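Have the model open beside this text. We start with one side-chain pair, then move to helix packing.

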Amino acid sequence: ELSTEEEASSAASSAKLRLVRLLVEGGAQVNGRNPRGETALLAACKALRGEPGPETVKLLTYLLHNKADPNAQDRAGRTALMYACMERAGAQVASILLAAGADPSMEDYSGASALVYAINAQHQTTLKVLMDACQARGRDIIIIATEMGVNGGPVTRRYLNVPPSPDTSPVSCMSPSDIVLKTGSPNSPEGENIFNFRGTSE
């Protein structure tokens, strides 16, 4: 027999707002997990395919208003925001999650953050929202991205507080240290500490 939490995450992944509301009002724990380690919010974001319709946006807002944890991690260490970035769900979804307290610099168990997923998904508007959120929290962002050069070879570029432009193709940014978030003054040396750095030198 399914627990109400499993039913809630399954209803959330199909964007069934009324059913989720009934289950939550009936006592389902909003941060309860299904056997895959997903909360209803995680399941809903994992099921996104591109920008969602108004019903799904209402569902995400409802879950967050009912204290869904925006930083809950599944078994891979991924958060709702990471899935939203991977699935190219768009700036609106990212903004809703960030406003509820989602942390853009949290890393999954492979060491990638939502920022890394947004760059790899080549979704410029989402990336801008994440960068703004980081800067609002007083963090400088150094992005090391590997792009295809004119002659087809990889070119590695470094961006400080500026996302790679959507015209550069394709950009990949995979290792955890490819994005360094730092607080404090722009001249502090810790921010320059970029190790594990893959690709050709600048």
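Arg-21 sits over the face of Tyr-62, 5.3 Å from the ring centre. A charge counts as over a ring if NZ of Lys or CZ of Arg is within 6 Å of the ring centre and within 35 degrees of the ring normal. This is a predicted model: local features need pLDDT of at least 70, side-chain atom pairs count only at pLDDT 80 or more, and totals for chains, interfaces and linings use all residues. Residues are numbered from 1 along each chain as its sequence is written, and side-chain values use heavy atoms, without hydrogens or water.

Now the helices, which are DSSP runs (H or I, at least four residues) numbered from the N terminus. Which residues of H4 meet H6? Val-57, Leu-60, Thr-61 and Leu-64 in H4 touch Gln-92, Val-93, Ile-96 and Leu-97 in H6. Contact means heavy atoms within 4.5 Å.

UniProt, in an unreviewed entry, places "repeat: ANK" at residues 76-109; such annotations may be inferred rather than shown by experiment.

Methods. Helices (H or I, at least four residues) and strands (E, at least two) are DSSP runs, numbered from the N terminus.
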